[in-house]
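Student: Please take me through this model, beginning with how far its elements can be trusted.

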Amino acid sequence: MDIETVRQMKAVNVRTVDKDTLVDIKDVEIDANAAPEKKMAEFVRQIKNPYCFLCRGYAVKLEFADTDRTIEDRFMEYINTLL
């Protein structure tokens, strides 16, 4: 996948995207026994755009911050706010 394709996928506007062009994440099936690289490749192949897809009929857009902090760090911060 080239960098221009990735840029186009990231640029999709979740508010105006045609939902009929999106894949529902519930329809994605990944072999749990596959190697991590194969799982990622298969996920991208099936979902088409890992930045914008459907979940329960809703268009979902993922964005990632340019930071050294991991999702685990953020999740622990969130959990700690609940305690």
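Student: Which element of the protein chain has the lowest mean pLDDT, and which the highest?

Tutor: This is a predicted model, in which local features need pLDDT of at least 70 and side-chain atom pairs count only at 80 or more, while totals for chains, interfaces and linings use all residues. Residues are numbered from 1 along each chain as its sequence is written, and side-chain values use heavy atoms, without hydrogens and water. With pLDDT as the predictor's confidence in each residue, from 0 to 100, and elements taken as DSSP runs (helices H or I, at least four residues; strands E, at least two) numbered from the N terminus, the lowest mean, 81, belongs to H3 and the highest, 96, to strand E1 (residues 52-55).

Student: In which helix is Phe 75 found?

Tutor: The chain has a mean pLDDT of 91, with 99% of its residues at 70 or more. Phe 75 lies within residues 71-82, which form helix H3.

Student: How many salt bridges are there, and why are Glu 4 and Arg 7 about one helical turn apart?

Tutor: Glu 4 and Arg 7 are separated by about one turn because they stand three residues apart in helix H1 (residues 3-10). Their side chains form a salt bridge at 3.9 Å, N to O. Under the rule that a side-chain nitrogen of Lys or Arg lies within 4 Å of a carboxyl oxygen of Asp or Glu, the count is four.
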